[in-house]
Amino acid sequence: MRYNKKLYPAIADRAFKRILWVEAWFFEFIVGLARYGIPRISTRGYRFLKRNDSLVIIANGPSISMQIEEISKREDCDFACMNYFPLYSEYFDKLRPRYFFGTDVMLYNEKHPDPVKVQDTKKLRKKLNNIDWNMIAFMYRDESLLLENKKIKEIRLTNYMIDGVYSQFRGFLFDHNLAVPATRTVATYAIQTGIRLGYRKIYVYGVDMSQHEGVRIEKNGLQNEDIHFYESDKKENTYKNDFVGVCETNYFSLRSFRTLNKYADKKGCRVYNCSNHSYVDAFDKE
């Protein structure tokens, strides 16, 4: 075989980068152990609320406002919600979700630039402390909402993100709560956890990934409007004058869904994108 001047250096470079990635992951994992302790790697502690083989995940995209009635009619399903859904939707008490996902830094940032978010977090904590049904609240492994309700069990999820396509090694990390696909949305945590919990079907609503639709140019400057289902008015979001941030958010999140779809396939789970206005193409449409 003749030496290929272009191919061999490329292979060597890829192998070197992979070695560096493994070393970096191992270093960060050791640092994480020192700071936060051993992560909960068993799924047994997650399963005590699982009642059905299907899970409905409710994200907070604008499409939810048009589909919440449809969601409420689903039968033989467990429900999961996230962020401020309990605070702003009357369907929270009707659906009585078994899972709440709070893997969003804005929930723990007492110095958030938007004072409304700070107040909303306080109201959210009060709302969750008053529920009368059992629930698991999934948080970052180093964060807590300091809930006092004995009916809620807080479980920590890793916040170590890895980029790249699905592989057996990444599947092992996902199985043991040691990594999550690189993402910018809480929905990734919810879908990954649903797969790990053993659900056979997962129906996802409100994952619109339509942030770019609010981008516009005004006076030669970039403006970007972002809205959730519970907001009546569009507001300028944190990506003002930062189109790279908008694109990066969508890129990592959309890629994470493709990784999770392969992970679900390996675990015998089917994930369906049920949003009626969504750019997510990784999952089957119902």
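In this predicted model, Phe92 and Trp133 are both buried. What kind of aromatic pair do Phe92 and Trp133 form? A search of the whole structure finds 10 aromatic pairs, and the one made by Phe92 and Trp133 is tilted, with 5.2 Å from centre to centre and 55° between the planes. The two partners come from distant parts of the chain, 41 residues apart. Phe92 belongs to helix H4 (residues 91–95), while Trp133 sits in the loop that runs between helix H5 (115–129) and strand E4 (135–140).

A second tilted pair brings strand E4 into the picture again. Here Tyr99 meets Phe138, with the ring centres 6.2 Å apart and the planes at 35° to each other. Because Tyr99 lies in strand E3 (residues 99–101) and Phe138 in strand E4, this pair ties together parts that are 39 residues apart in sequence. Are these two residues buried or exposed? Tyr99 has a relative accessibility of 1%, so Tyr99 counts as buried. Phe138 counts as buried too, because its relative accessibility is 0%; the cut-off for buried is under 20%.

Tyr99 and Phe138 also have further aromatic company: together with Phe101 and Tyr199 they form one aromatic cluster. Tyr199, in turn, leads to another kind of contact, in which a charged side chain sits over a ring. Lys50 lies over the face of Tyr199, at 5.0 Å from the ring centre. A comparable arrangement involves Arg74, which lies over the face of Tyr203 at 4.0 Å from the ring centre.

Key: Residues numbered from 1 in each chain as written. Predicted model: local features only at pLDDT ≥ 70, side-chain atom pairs only at ≥ 80, totals over all residues. Heavy atoms only, no water. Phe/Tyr/Trp six-rings, centres within 6.5 Å; stacked < 30°, edge-to-face > 60°. Helix = DSSP H or I, 4+ residues; strand = E, 2+ residues; numbered from the N terminus. Buried < 20%, exposed > 50% of the residue type's maximum accessible area, 1.4 Å probe, protein only. Lys NZ or Arg CZ within 6 Å of the ring centre and 35° of its normal.
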